[in-house]
Amino acid sequence: MQPLIDNARTFGQRPEEFARLAEGQSPEVLFITCSDSRVVPALITGARPGELFELRTAGNIVPPYAADRPTGETATIEYAVEVLGVTDIVVCGHSHCGAVGALVRGDDLDAVPAVRDWLTNATPRPQGAVEDPTVADGVQNHVLSQLLRLRSYPCVEKRLADGRLRLRGWYYEVHTGAVREHRADTDKFETL
């Protein structure tokens, strides 16, 4: 923890670098990814402060849209699309994902009931090779399911229909740093 504290102490000593951020934000991308500490959107994309609007959830899950039961995730998506006017939404899954791995393997999560119940939002259960530690197939299938789920959000549906929004599915390999994007024409995740 101490190195993090030391950096935080010196971080605010360069106010001229941050003054423009007080004027507001206008990110072009909503980046939905896992809470996993090995996945750092700004590091992966090279984004500077104000360039990415981030939504991090266990397993990069997009919960079902329900107007009568708003969630923090739903509010973040709606704000990014309607208020900030993002032009792209990236759902980025990653190798070695504990959440997707637990789903693929059918792990007993009774000891962590909040996690177990949150992961029910991942329906359908991702399919992949149980013995693969990267859970690549399961994660990639899961990313596609979350993109499909996003299409059910009224604000996303409207912006997709009028061409003001694009959805992208990414797969990040934590062990290599490689990023692949789903290509509709081949139905495969290919190198960017």
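Q: Is Met-1 buried or exposed?
A: This is a predicted model: local features need pLDDT of at least 70, side-chain atom pairs count only at pLDDT 80 or more, and totals for chains, interfaces and linings use all residues. Met-1 sits in the segment before α1 (2-11); helices (H or I, at least four residues) and strands (E, at least two) are DSSP runs, numbered from the N terminus. Buried means under 20% relative accessible area, exposed over 50%, partly exposed in between (1.4 Å probe, protein chains only). Because its relative accessibility is 70%, Met-1 counts as exposed.

Q: How much accessible area do Met-1, Leu-4 and Ile-5 have together?
A: Residues are numbered from 1 along each chain as its sequence is written, and side-chain values use heavy atoms, without hydrogens or water. Patches take residues with over 30% relative accessible area and no salt bridge, joining like charges within 9 Å and nonpolar side chains (Val, Leu, Ile, Met, Phe, Trp, Tyr) within 5 Å. Areas come from the Shrake-Rupley method with a 1.4 Å probe; for residues, only the protein chains shown count as cover. Met-1, Leu-4 and Ile-5 form a nonpolar surface patch, and their joint area is about 340 Å².

Q: Which side chain makes a polar contact with that of Thr-74?
A: Thr-74 lies in helix α4 (residues 72-83) and is buried, at 6% relative accessible area. Beyond four places in sequence, Thr-74 is in contact (heavy atoms within 4.5 Å) with Pro-63, Tyr-65 and Tyr-153. A polar contact is a pair of N or O atoms within 3.5 Å; within protein, one must be able to donate a hydrogen and the other to accept it, and residues adjacent in sequence count only if both atoms are side-chain atoms. At 3.4 Å, the partner is Tyr-153.

Q: How many residues are in the largest nonpolar core?
A: A nonpolar core is a set of buried Ala, Val, Leu, Ile, Met, Phe, Trp, Tyr and Cys residues joined through side-chain atoms within 4.5 Å. Leu-30, Ile-32, Ile-77, Ile-89, Leu-150 and Val-156 touch the most other members of a core whose count is 36.

Q: How many residues does the other core have?
A: This core lies apart from the largest one. Its members include Phe-31, Val-39, Val-90 and Trp-170, and the count is 10.

Q: Which residue forms a salt bridge with Asp-36?
A: Asp-36 is in the loop between β1 (29-34) and α3 (41-45). Asp-36 is buried, at 14%, and touches Arg-56 and His-94 beyond four places in sequence. A salt bridge puts a side-chain nitrogen of Lys or Arg within 4 Å of a carboxyl oxygen of Asp or Glu. With closest N and O atoms 2.7 Å apart, the partner is Arg-38.

Q: How far apart in sequence are the parts tied together by Asp-88 and Arg-166?
A: Asp-88 and Arg-166 form a salt bridge, with closest N and O atoms 2.8 Å apart. Asp-88 is in strand β3 and Arg-166 in strand β4, so the pair ties together parts separated in sequence by 78 residues.

Q: At what distance, N to O, do Glu-181 and Arg-168 meet?
A: Glu-181 is buried, at 8%, while Arg-168 is partly exposed, at 26%. Salt bridges with shared partners join both to Asp-88, Arg-166 and Arg-183 in one network. Glu-181 and Arg-168 meet in a salt bridge at 3.1 Å.
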